[in-house]
Amino acid sequence: MRLAAMLAALRPVLPLVLGLSLGCSLSLLRASWSQGGGEEQCPGAAGPPGARAGGARLEAADGRPGPGHEDFRPRIVPYYRDPNKPYKKVLRTRYIQTELGFHERLFVAVLTSKATLNTLAVAVNKTVAHHFPRLLYFTGLRSAKVPHGMVLVAHGDERPIWLMYETMHYIHQHFGSDYDWFYIMQDDTYAQAEQVKALVTHLSINQDVYLGRAEEFIGGDEQARYCHGGFGYLISRSLLLKLHLHLDSCRNEILSVRPDEWLGRCIIDFLGITCVSQLQGQHYHTYELAKNTEPEKEEEEEFQAALAVHPVSDMTLMYRLHKHFSRIQLDRTYQEIQDLQMQIRNLTSLTPAGEGGLTWPVGINAPFLPKSRFEVISWDYFTEQHLFSCPDGSPKCELSGASKADVSEIIESALEQLNSRYQPLLRFSKRQLLNGYRRFDPTRGMEYTLDLLLEAVTQKGHSHVLAKRVSLVRPLSKVEIIPMPYVTEATRVQLVLPLTVQDLDFVANFLDMFAMNTLDTHDNALLTLLFIYHPYDAQRVSQVDVFAGVKAMVGELEKRYAEVKIPWISVKTEVPSQVKLMDIVSKKHPVDTLFFLASVWTEINMEFLNRCRMNTISNWQVFFPVHFQEFNPALVYRGEQTASSSTDFLRDGHFDRHSFAEACFYNSDYMTARTKLAADILDRDEVLENMEVFDVFLHYSGLHLFRAVEPGLVQKYALRSCNPRLSEELYHRCVLSNLEGLASRSHLAMALFEQEQANST
């Protein structure tokens with residue numbers, strides 16, 4: 001019996017024990033196999049150790065890296081701290097890419113001149129520049145006037161060899177440690193940007209690469225080749241790092257007329273690497289344009305597959321080439337889509353759902369299926385003139401701007417699809433849009449349903465009016481990461497806390513949380529208090545100071561933390577306008593100060609302060625977090641014990657989208673926007689009473705306004721006092737915040753039900 005009881009107790013953990021035993025056994029077997037085969041070599045791997053595959057060494061070309069090649073295996077760096085030195089907090093990078101030392105993929109350099117800077121260089125910038133992650137123009141001009149939207153580096157010497165030398169030196173000095181590949185081209189070259197980017201993704205960065213259109217030297221070695229500069233060439237980071245050591249010697253010892261020949265001779269003489277047109281199964285296709293070439297009539301396969309085309313004689317030809325190759329790429333993309341859709345249709349019958357699981361359009365995600373009525377995505381109704389779901393909440397507004405262009409384009413697309421399907425039997429023309437519906441589905445894109453009144457004309461000329469419903473989808477395209485300026489978590493945050501008489505009951509909790517989460521942890525954050533006196537209280541401040549208790553608490557904090565000073569500013573006003581208060585604080589701090597405008601109910605923590613630092617970028621972006629507001633515990637729990645914060649975090653509450661009290665921004669950005677506001681309103685200071693800091697940045701700055709929910713900013717329930725002297729919009733927003741912060745619908749319904757039950761008895 002005792003044995004049976006013990007086996008019954010061990011039965012639930014028996015699968016775990018067996019799994020661990022089996023895993024350990026397989027690991028030991030795998031380790032023994034790895035150790036036993038350590039000295040074997042791959043067949044065909046033998047070869048001279050000095051050979052390189054990236055640029056074809058002259059004496060060998062079998063592609064095995066030499067012994068001095070950099071090994072791209074992860075290394076564990078041991079941590080050591082000198083016990084004799086004081087401990088210093090380590091600030092780690094915010095992004096794992098920075099900490100692991102990853103590089104950006106591709107850097108592009110365009111060589112231009114005085115004669116072509118405002119013509120061909122501008123054409124390159126308008127056609128392919130936006131496809132490359134980083135592109136710079138290099139010229140030998142002095143004090144050159146830079147065309148709009150271009151980044152120009154002027155070396156001050158127009159000699160071709162000197163320009164090439166200075167360009168390579170500049171690239172190594174400023175970008176050598178940031179990019180894996182460097183593409184150098186001239187402004188009379190048209191390069192297919194997407195094809196070049198695809199090329200570098202298939203090449204190994206662990207080799208010295210010198211790739212382009214290989215040309216022979218005049219009167220030189222038959223095996224030596226240089227890359228023709230007119231068709232562009234690709235250089236790897238490892239080759240650039242080695243080449244930089246010999247640039248000065250090449251400038252003094254190598255004589256050449258052409259800069260591409262000079263660079264090729266430098267690479268061959270000092271590194272022993274020659275230019276190749278094919279590497280690791282990838283071909284660098286080029287095409288040389290003849291005079292008076294018509295790109296639209298070129299049907300040669302060599303032209304269609306070219307990565308680079310040269311020479312381009314004028315801007316018009318550059319634009320025509322870009323249009324032609326864009327059309328080719330678009331046709332290829334449409335053909336690939338059709339092929340993929342056909343494969344999906346053929347494979348759908350083999351899936352468990354069968355043909356019934358085929359979604360429309362084929363290859364696009366299925367529509368979102370709501371699990372409750374609160375997740376249903378509503379449709380917006382529109383006509384050709386009006387929209388019946390307006391941003392400001394009004395029931396009807398005029399269709400204009402991007403919305404009008406969107407509706408016009410979708411109607412044209414519907415007619416085009418109908419005609420392509422039914423022609424030549426029928427030809428459709430629009431008479432009227434009867435009804436239009438659209439909604440944004442985050443899983444697939446924008447969906448449309450149109451009721452069109454059409455006129456159908458047959459081949460014999462007979463016409464008939466009919467109504468037809470069509471459905472269309474504008475799918476989500478490729479997601480792109482928006483480049484943002486680099487910021488760190490080391491920035492000091494200046495907290496600004498406005499206080500009124502109604503806030504006195506909550507100040508103690510705020511100061512306790514501030515001391516625990518910032519002062520005890522030595523976070524780089526300071527606090528400034530803003531005492532807002534009513535005129536009546538300001539007259540009696542010498543007898544009775546309503547903020548005396550707060551000042552005493554501040555004094556206790558300064559005694560406890562000797563290195564901390566918490567200043568305060570006293571203001572007398574009947575209407576505490578957020579903009580007027582910020583004007584006073586702004587003048588007392590440096591322009592590079594990072595402000596966090598807080599409220600007395602805010603519980604400060606290090607997690608949020610770090611996000612405040614990361615999401616606020618000087619001269620680029622301001623951050624307005626949406627705090628999480630807990631519901632009234634009297635309505636939610638109704639006398640029961642409060643739920644544990646660890647298990648029910650962010651459950652009994654909501655994100656208060658009506659509140660704009662918290663904000664993170666730099667003083668310089670506020671001063672710039674405030675200057676524009678002052679010029680607009682002149683001396684009408686009463687306008688400021690109807691505005692918040694959010695309105696100042698929204699209407700008077702060109703910065704990005706980042707408005708997002710912030711789970712690290714949690715506020716306990718409190719009934720806010722809404723000042724009736726504020727503007728109607730601000731007062732209404734405050735009242736809505738109080739009402740929506742009471743409880744959820746289910747909690748309110750339960751409270752009403754219990755009240756009715758109590759009244760009935």
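Is R469 buried or exposed in this structure? In the predicted model examined here, R469 is exposed, because its relative accessible area is 53% and the cut-off for exposure is over 50%. R469 takes part in a salt bridge with D451, in which the closest N and O atoms lie 2.6 Å apart. The two residues belong to distant parts of the chain: D451 is found in strand β18 (residues 445-458) and R469 in strand β19 (residues 463-475), with their positions 18 residues apart. D451 has a relative accessibility of 11% and therefore counts as buried, since the limit for a buried residue is under 20%.

The count of salt bridges in the model comes to 27. Another of these joins D583 and R674, with the closest N and O atoms 2.9 Å apart. This pair also links distant parts of the chain, as D583 lies in helix α16 and R674 in helix α19 (residues 667-681), 91 residues apart. Both D583 and R674 are buried. A salt bridge is also formed between E215 and R213, where the closest N and O atoms are separated by 3.1 Å. E215 counts as partly exposed because its relative accessibility is 23%, a value between the limits of 20% and 50%. In addition, D406, E409, R438 and R474 are connected in a network of salt bridges.

The interior of the model was examined next. The largest nonpolar core contains 47 residues, of which L106, Y137, Y183, L211, L234 and L321 touch the most other members. Several elements give two or more residues to this core, including the strands β1 (104-111), β2 (135-139) and β4 (179-186) and the helices α4 (120-127), α6 (193-201) and α11 (315-348). The surroundings of Y183 illustrate the packing. When neighbours within four places in sequence are left aside, Y183 is in contact with L106, F107, V108, A109, A191, V196, F231, G232, Y233, L234, Y284 and A308.

Pockets were also analysed. The second largest pocket has a volume of about 1100 Å³. Its lining comprises 40 residues, and those closest to the centre of the pocket are T500, P576, W601, S721 and L726. At least two lining residues are supplied by each of β21 (525-533), α16 (578-587) and α21 (728-740). The greatest contribution comes from α21, which gives four residues. Divided by class, the lining of this pocket holds 17 nonpolar, 14 polar and nine charged residues. Helix α16 thus appears in two settings, as it supplies residues to the pocket lining and holds D583 of the salt bridge with R674.

Notes: Residues numbered from 1 in each chain as written. Predicted model: local features only at pLDDT ≥ 70, side-chain atom pairs only at ≥ 80, totals over all residues. Heavy atoms only, no water. Core = buried A, V, L, I, M, F, W, Y, C linked by side-chain atoms within 4.5 Å. Buried < 20%, exposed > 50% of the residue type's maximum accessible area, 1.4 Å probe, protein only. Contact = heavy atoms within 4.5 Å. 1 Å grid on protein atoms, 1.4 Å probe; cavity = no way out; pocket = protein on both sides within 12 Å on 5 of 7 lines; lining within 4 Å. Points joined across faces, edges and corners; volume = space filled by probe spheres on them. Nonpolar A, V, L, I, M, F, W, Y, C, P; charged D, E, K, R; others polar. Salt bridge = Lys/Arg side-chain N within 4 Å of Asp/Glu carboxyl O.
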